Amino acid sequence: GYKNPPTNTSGTKVMINVNKEIGSVRATANSDVNKVALRTGSSWNAGTTLQIDIGSSGRIQGAGGRGGPGGDTGGSTPDAGLTGTSGLGVEYAAQINNSGIIRCGYGGGGGGSGGSSNPNKSMTDFGATGGGGGGGAGIPFGLGSDGGTGAFNGGNTGGDGDDGTKDAGGNGGSAAADVGGASGGAGGNGADQVDTAATQGGQGSGGGPGYDSSSAGSAGGGNGFGIIFSSSTIQTNSTGNKTVSAANGGVSNSAGVA
């Protein structure tokens with residue numbers, strides 16, 4: 001029952017109406033920040049009038065980033081939290097009328113590092129692991145990561161990070177309590193509109209004279225953008241209410257929208 005588009009769109013008015021929630025895809029790498037929930041496409045012929053209307057029930061939002069996993073007892077820096085993805089991708093100059101929400105996906109918290117003790121060879125060595133990072137807010141929400149594995153000789157394991165929600169970042173997993181000088185760092189919290197930066201994971205520790213086996217916890221992931229324009233020209237030639245606050249991710253010119 002839908003009308004087929006013309007072969008050439010020049011001289012036509014195309015309206016994109018959004019009055020429901022539309023989410024993006026979760027990042028698997030930080031380069032995925034350019035993946036968006038809704039993109040205009042760029043294949044409109046010159047002379048096309050493109051209009052994007054976001055109603056009062058409309059919400060276009062990127063996905064939350066996954067938290068970084070907790071570190072193991074080796075003490076090396078664990079993987080960082082992942083970026084959130086982005087909301088609206090504009091690839092052809094458009095009139096943007098926003099009565100709803102355009103928002104980024106927020107970054108996941110960093111993983112806490114683990115640690116192990118080595119007081120001397122006449123005593124027991126203990127190993128503890130780091131807490132997992134919390135997921136960032138977004139649609140869909142960012143996933144929390146597990147605490148590290150491999151605690152040994154009665155050392156403790158860091159807690160798992162919580163998943164985020166569409167509005168709130170998840171809390172990082174708890175730090176592994178100290179046993180014999182070995183403890184793990186807590187996972188960092190995922191970001192959201194209130195706490196706009198994901199936090200770094202905590203640092204574990206190891207005990208003994210001149211001995212510390214732990215590196216710093218990993219960094220939190222960055223946020224996506226509310227709107228990505230595929231070029232500065234398209235941004236300049238787009239009109240209407242396109243402002244997105246920094247808390248919602250702001251706007252960016254990008255070489256590509258995915």
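Student: In which loop is D162 found?
Tutor: In this predicted model, D162 belongs to a patch of negative charge on the surface, where it gathers with D146, D160 and D163. As for its place in the chain, D162 is found in the loop between β10 and β11.

Student: Is D162 buried, partly exposed or exposed?
Tutor: The relative accessible area of D162 is 40%, and the label "partly exposed" covers values between the limit for buried, under 20%, and the limit for exposed, over 50%. D162 therefore counts as partly exposed.

Student: Where is the place of G202, and which residues does G202 touch?
Tutor: G202 has its place in the loop between β10 and β11, and with a relative accessible area of 24% this glycine is partly exposed. G202 and G172 are 30 residues apart in sequence, while their C-alpha atoms are 9.7 Å apart in space. Leaving aside residues up to four places away in sequence, G202 touches G112, S113, G185, A186 and G217.

Student: How many salt bridges does the count come to?
Tutor: Side chains of opposite charge can pair when their charged atoms come close. The rule applied here asks for a side-chain nitrogen of Lys or Arg within 4 Å of a carboxyl oxygen of Asp or Glu. By this rule the count comes to five.

Student: How far apart are the closest N and O atoms of K35 and D32?
Tutor: K35 is partly exposed, at a relative accessible area of 28%, whereas D32 counts as buried at 9%. The two residues form a salt bridge, and their closest N and O atoms are apart by 3.6 Å.

Student: Which parts of the chain does the pair of R39 and E91 link, and how many residues apart are they?
Tutor: R39 and E91 form a salt bridge in which the closest N and O atoms are 2.9 Å apart. This pair links distant parts of the chain, with R39 in strand β3 (residues 36–39) and E91 in the loop between β6 (86–90) and β7 (95–98), a separation in sequence of 52 residues.

Student: Which residue of that pair is buried and which is partly exposed?
Tutor: R39 has a relative accessibility of 42%, and so counts as partly exposed. E91, on the other hand, has a relative accessible area of 11%, which places this residue among the buried.

Student: Why does the salt bridge of D167 and R103 tie together parts that are apart in sequence?
Tutor: The side chains of D167 and R103 meet in a salt bridge, at 3.9 Å from N to O. D167 lies in the loop between β10 (127–128) and β11 (227–229), and R103 lies in strand β8 (residues 101–103), so the parts tied together are apart in sequence by 64 residues.

Student: Which residues are joined into one network by salt bridges that share partners?
Tutor: D167 is partly exposed, with a relative accessible area of 43%, while R103 is buried at 9%. Salt bridges with shared partners make one network, whose members are R59, R103 and D167.

Student: How many helices and strands are there in the protein?
Tutor: From the N terminus on, the elements run β-β-β-β-β-β-β-β-β-β-β-α-β-β. The protein thus has one helix and 13 strands.

Student: How far apart do the centres of the positive and negative side chains lie?
Tutor: Of the 258 residues of the protein, 49% count as buried. Among its side chains 12 are positive and 16 are negative, and the centres of these two sets are apart by 17 Å.

How values were computed:
Residues numbered from 1 in each chain as written. Predicted model: local features only at pLDDT ≥ 70, side-chain atom pairs only at ≥ 80, totals over all residues. Heavy atoms only, no water. Buried < 20%, exposed > 50% of the residue type's maximum accessible area, 1.4 Å probe, protein only. Helix = DSSP H or I, 4+ residues; strand = E, 2+ residues; numbered from the N terminus. Lys, Arg positive; Asp, Glu negative; His and termini not counted. Charge placed at Lys NZ, Arg CZ, Asp CG, Glu CD. Patch = residues over 30% accessible without salt bridge, like charges linked within 9 Å, V, L, I, M, F, W, Y side chains within 5 Å. Areas by Shrake-Rupley, 256 points an atom, 1.4 Å probe, with all protein chains shown as cover. Contact = heavy atoms within 4.5 Å.
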